[in-house]
Structures are given as structure tokens and as C-alpha cells.
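Here is a short set of questions and answers on how some structural terms are applied. Each answer sets a value against its definition.

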Amino acid sequence: MNLQNATIAILGSGTMGYGIAQVCASAGHRVQLFDVQASALERALKNIETLTAKAVEKGKLTAIDRLALLQRIQATTELQSIRADLIIEAVPELLALKQELFQTLEPLQSPGAVFATNTSSLSVTSIAQSLNRPERCIGLHFFNPAPLMKLVEVIAGEATDPALVAETMSFVHHLGKSPALVRDIPGFIVNRVARFYYLEALRIVHSGVANHESIDRLMEGIGFRMGPFRLMDLIGIDTNHSVTQAIYNSYFQEPRFRPNLVQQKKVEAGQWGVKTRKGFYDYPEDR
Ligand SMILES: NC(=O)c1ccc[n+]([C@@H]2O[C@H](COP(=O)([O-])OP(=O)(O)OC[C@H]3O[C@@H](n4cnc5c(N)ncnc54)[C@H](O)[C@@H]3O)[C@@H](O)[C@H]2O)c1
């Protein structure tokens with residue numbers, strides 16, 4: 001299978017799904033974008049339209065190419081209609097959900113179809129176990145925002161076919177991205193290291209030593225592009241919390257990865273960051 005000619009389906013059109021759809025469509029692929037919520041799909045298409053319009057304004061894309069890109073993306077709420085050579089899931093960080101979707105879709109695809117997961121922290125090996133052909137499953141971990149971030153972690157599960165690993169590395173180059181092959185450990189490399197950027201900042205706020213604005217100002221003041229709280233708002237506080245929980249549990253509840261109550265309260269309050277227009281900061285409609 002040459003993934004460079006693949007038809008692609010993206011499962012989940014949230015923060016990551018719509019960005020990955022844009023990346024794939026701009027590399028010439030036909031993309032089916034699936035979500036259970038029609039409103040999420042609407043928002044996703046609107047976001048892609050806005051981002052690509054900005055690219056035209058900046059002279060990075062022609063108006064004709066933009067139109068062709070948009071026409072390559074087809075949105076659907078019908079899971080049963082998904083037929084693709086490459087399926088990339090970007091649904092919430094829940095093992096059972098990811099496994100169930102792959103299990104449902106596998107019999108509907110051709111035997112060579114590839115099942116890729118954008119998980120940040122779950123075991124690619126475990127996700128692959130939901131398939132009759134686990135050798136066709138691989139981790140393809142994009143970063144947020146997907147159209148801008150060059151790095152993509154490629155994760156081989158225990159059963160992943162080595163030929164698929166090589167093919168996926170080439171595919172990431174073809175998307176104009178820079179792949180890094182990493183081992184299937186909880187959080188892989190980036191999310192394992194970055195955990196402490198978020199957790200230590202949350203611990204400081206929890207202990208009352210400093211507030212989130214001060215911490216962000218200090219970290220940005222020494223050159224980090226975004227302070228930890230602004231970054232959690234961008235990622236999605238709910239997603240970031242789920243990732244911490246998954247990493248904590250996967251490392252047998254090592255205390256250094258322990259999730260934080262400040263973050264949990266934000267999740268419970270539905271203040272999930274940019275996507276809900278309120279997180280540690282406020283995001284009015286016009287911003
Ligand atoms: N947010 C980030 O910065 C980031 C970065 C890299 C990887 N990831 C990973 O990407 C995945 C998605 O994260 P996100 O931040 O885009 O989440 P999100 O909450 O922004 O979006 C998830 C989308 O999935 C949809 N959904 C829920 N159940 C579904 C189902 N059964 N079938 C199809 N769609 C369904 C939701 O309606 C929503 O639109 C997670 O595994 C996360 O760990 C996130």
C-alpha cells in the first residue's frame with residue numbers, strides 16, 4: 001500500500017481532527033471527516049474555511065487551490081459510510097472508544113487498510129488489539145495546531161508491520177511534516193516530558209504560591225512560546241487531564257504523574273479552554 005495515494009477518513013472533528021483533515025486535504029488526499037455530532041462537523045468545516053482563507057490572504061495558497069482543498073473534504077455523521085485506505089482516529093482519549101470504532105470499521109474496509117491513532121498517551125499496542133489485523137495499526141501523533149506544527153510522532157505497536165512503519169514515515173514526509181519514530185511507552189516522548197510543565201505549574205497554583213497569569217508571564221518571559229495555562233487552554237483542559245490520567249495509570253500510579261485537582265475542577269465546570277470559550281482565560285466569540 002502506498003499511503004501517498006490513500007483515501008483518508010478522520011474520526012472525530014474536534015481540535016485535532018479538523019486540523020489533520022486540513023493537512024491531508026492540502027496534500028491532495030480525499031478526506032471523509034466523521035463525527036457523532038453534526039455541530040462539531042459544522043464547526044470543523046468553518047474552521048478549515050477560515051484558516052485556509054487566511055492562508056490565501058497571506059499568499060501561501062491560491063484561491064483555486066483553496067477551493068479544490070475544501071472540495072476534497074466530505075463531512076459525515078454516518079460511521080457505516082466510511083471507506084478509506086487510511087483511517088486516522090482523533091476521538092476523545094478513551095481506550096474503549098478508540099477500540100470500538102476500529103473494531104466496527106475493520107470489516108467494512110479492504111484488508112490492506114491502515115488504522116492510525118492520534119492518541120497522546122494510550123497504548124498503541126492495546127488499541128491494535130481490537131483489530132483482527134493488529135499489524136495494520138500504527139500511532140500517528142500530530143501536534144496542535146496540526147496545520148502548523150511540523151513534528152509528528154510515529155509509534156509502532158508490538159504487532160505493527162515494520163513495512164507499515166517505513167511507509168508511514170514516508171507518508172509523514174509527503175504531508176510536509178517531520179516524523180520521529182518513538183517507542184510505544186505511555187505519553188511517548190513529548191507528552192511524557194511535557195507532563196511536568198503542566199503538572200508543576202498546577203501544583204504551584206494549588207498551593208497558592210502564584211496564580212496562573214504570573215506563571216504564564218514568567219515562562220513566556222524566558223522564551224517558552226506559551227505558558228502552561230495558555231497551552232492547556234489551547235490543547236483542551238479536558239483532553240490534557242485525560243492524558244495525565246492515562247499516563248499516571250499506565251505508570252502504575254507513580255506520584256510524579258499524579259493528576260491535579262485544579263485541573264479536575266476546570267473539567268467538572270465545563271471550562272475546557274479555547275473550545276468552550278472559557279478555561280484559565282476567557283475567549284470571547286470575536287477573538
Ligand atoms: N488537543 C490536543 O492538543 C491534542 C494533541 C495531540 C493529540 N491529541 C489527541 O487527539 C485525540 C482527540 O483530541 P482532541 O483534542 O481533538 O479532542 P476534542 O474533544 O477537541 O474532539 C473530539 C471529537 O470527537 C468527537 N467524538 C466523540 N465521540 C465520538 C465517536 N464515537 N465517533 C466520532 N467522533 C466522536 C467529538 O464530538 C469531538 O468533536 C485524543 O486522543 C487526544 O489525546 C490531542
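The questions below turn to one strand and to the ligand.

This is a predicted model, in which local features need pLDDT of at least 70 and side-chain atom pairs pLDDT 80 or more, while totals for chains, interfaces and linings use all residues. Residues are numbered from 1 along each chain as its sequence is written, and side-chain values use heavy atoms, with hydrogens and water left out.

Q: Why are both faces of strand 4 called covered?
A: Buried means under 20% relative accessible area (1.4 Å probe, protein chains only). Leu 86 and Ile 88 on one side are buried, and so are Ile 87 and Glu 89 on the other.

Q: What makes strand 1 and strand 4 a pair?
A: Pairing takes at least two DSSP bridges between two strands. Strand 1 (residues 8–11) and strand 4 have four, in the parallel sense. In one of them, Ala 9 is the partner of Ile 87.

Q: How do you know that strand 4 and strand 5 pair?
A: Four parallel bridges join strand 4 to strand 5 (residues 114–117). The partner of Leu 86 in strand 5 is Val 114. The chain passes from strand 4 through helix 4 (residues 95–105) to strand 5 in a right-handed β-α-β crossover. Right-handed means that, with the strands pointing away from the viewer, the path from the first strand over the helix to the second runs clockwise.

Q: What makes the approach of Glu 93 to the ligand a polar contact?
A: A polar contact is a pair of N or O atoms within 3.5 Å. A side-chain N or O atom of Glu 93 is 2.5 Å from a ligand oxygen, so the pair qualifies.

Terms used. Buried < 20%, exposed > 50% of the residue type's maximum accessible area, 1.4 Å probe, protein only. Helix = DSSP H or I, 4+ residues; strand = E, 2+ residues; numbered from the N terminus. Polar contact = N/O pair within 3.5 Å; in protein donor to acceptor, adjacent residues only side chain to side chain.
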